[in-house]
Amino acid sequence: MRRPTGDRLAGRVALITGGASGLGEATVRRFHAEGCWVMIADIDTRRGAALARELGDGAAFVACDHTDRAQDEAAVAATEAEFGGLDILHANAGGPFAGPFESADDATLDRVIAVNLVGAMKMVQAALPALRKAGAARPAGAAILFTASVQGISAKPNFSVYTVSKHGLVGLTRSLALELAPANIRVNAICPAVTETPMLAKFMPGFSGDMDEARVRMKATIPLGRMPEAVDTANAALFLASDEARMLTGHALPIDGGQMAG
Ligand SMILES: NC(=O)c1ccc[n+]([C@@H]2O[C@H](COP(=O)([O-])OP(=O)(O)OC[C@H]3O[C@@H](n4cnc5c(N)ncnc54)[C@H](O)[C@@H]3O)[C@@H](O)[C@H]2O)c1
């Protein structure tokens with residue numbers, strides 16, 4: 001059993017969707033290490049439960065498909081029951097889609113928008129009663145984070161459906177930042193560039209398995225000359241969720257080594 005050691009989120013409670021893998025997992029680990037009580041919500045029961053067991057005290061897992069409103073409400077209820085409240089919602093779960101726009105059939109359109117956008121909206125609605133209580137209880141308030149993407153603030157060919165879903169999240173970030181400011185709930189989005197996670201291979205169908213070539217090409221688009229790692233996104237999430245960011249709301253922050261600066 002490993003207890004939280006830092007204090008940047010001491011005594012706060014976070015619910016992180018898609019917390020079993022990749023960027024979500026890195027954020028779970030980072031938040032937990034900074035004293036946060038973390039509920040991992042994911043459809044991947046095996047990985048999610050194993051991560052909660054590994055972290056031990058201060059971490060728990062709830063099986064949750066965030067596209068299902070009832071499961072979102074159950075995940076929030078489980079968080080409140082386990083940790084006594086909810087201060088931070090990180091709506092991070094999402095999935096890839098790459099390919100020509102014409103190749104996206106009805107099922108794909110529905111799935112990508114449901115998983116990447118509508119699921120996050122439903123989870124926010126489920127969490128708002130608890131977040132409103134936290135916003136009223138603490139001077140620095142409560143926080144909502146979305147994992148959008150650089151595709152939420154820019155575009156490139158063959159990512160149309162994914163790009164629509166992530167632009168939607170950035171629009172939601174701005175709208176909710178204004179709507180929820182009176183409730184002392186801050187809303188921000190994190191916009192990572194391509195980052196090495198299990199999702200990466202699913203994004204690269206055109207490279208037919210030559211991931212090394214893909215990595216070289218991606219790195220060449222990053223002014224800092226190195227690929228972002230999952231911990232870079234987790235560090236940004238930690239800052240935006242913490243009281244250090246108490247005056248920041250409505251932002252879409254690229255984690256991109258300067259890619260969006262051009
Ligand atoms: N990896 C990248 O390059 C990158 C870049 C920008 C944005 N993102 C975004 O980051 C987020 C996390 O992606 P990742 O790279 O860590 O991928 P990942 O595949 O490693 O992790 C995604 C997690 O979400 C879970 N998940 C999927 N559908 C779900 C659902 N309906 N309900 C609950 N959980 C669900 C999966 O089980 C998995 O644990 C996604 O929203 C993705 O679009 C990723």
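A: Before we begin, a definition: a residue counts as buried under 20% relative accessible area, as exposed over 50%, and as partly exposed in between; the model we apply this to is a predicted one.

Q: How, then, should tryptophan 37 be classed, as buried, partly exposed or exposed?

A: Tryptophan 37 has a relative accessible area of 29%, so this residue is partly exposed.

Q: How does one read an aromatic pair, and which residues form one here?

A: A pair of aromatic rings is described by the distance of the centres and the angle of the planes. A search of the whole structure finds one such pair, formed by tryptophan 37 and phenylalanine 83, which are stacked with 6.0 Å from centre to centre and 25° between the planes. Because tryptophan 37 belongs to strand 2 (residues 37-42) and phenylalanine 83 to helix 3 (residues 69-83), the pair ties together parts that are 46 residues apart in sequence. Phenylalanine 83 counts as buried, at 16% relative accessibility.

Q: What is the geometry between helix 3 and helix 4?

A: The axes of helix 3 and helix 4 (residues 106-137) come within 9 Å and cross at roughly 30°, and the crossing is right-handed. Among the residues making the contact are Ala75, Val76 and Glu80 of helix 3, together with Met123, Ala126 and Ala130 of helix 4.

Q: Which residues of helix 7 are buried, and what covers them?

A: In helix 7 (residues 230-241), the buried residues include Thr233, Ala237, Leu238 and Leu240, and what covers the buried residues of this helix includes helix 1 (22-33), strand 5 (142-147) and strand 6 (185-192).

Notes:
Residues are numbered from 1 along each chain as its sequence is written. This is a predicted model: local features need pLDDT of at least 70, side-chain atom pairs count only at pLDDT 80 or more; totals for chains, interfaces and linings use all residues. Side-chain values use heavy atoms; hydrogens and water are left out. Helices (H or I, at least four residues) and strands (E, at least two) are DSSP runs, numbered from the N terminus. The expected span of a helix is 1.5 Å times one less than its number of residues. Buried means under 20% relative accessible area, exposed over 50%, partly exposed in between (1.4 Å probe, protein chains only). Contact means heavy atoms within 4.5 Å. Rings of Phe, Tyr and Trp (its six-membered ring) pair if their centres lie within 6.5 Å; planes under 30 degrees apart count as stacked, over 60 as edge-to-face and the rest as tilted. Axes are lines fitted to C-alpha atoms, for helices over the stretch in contact, and angles run from 0 to 180 degrees between N-to-C directions. A crossing is left-handed if the near helix is turned anticlockwise from the far one by less than a right angle, and right-handed if clockwise.
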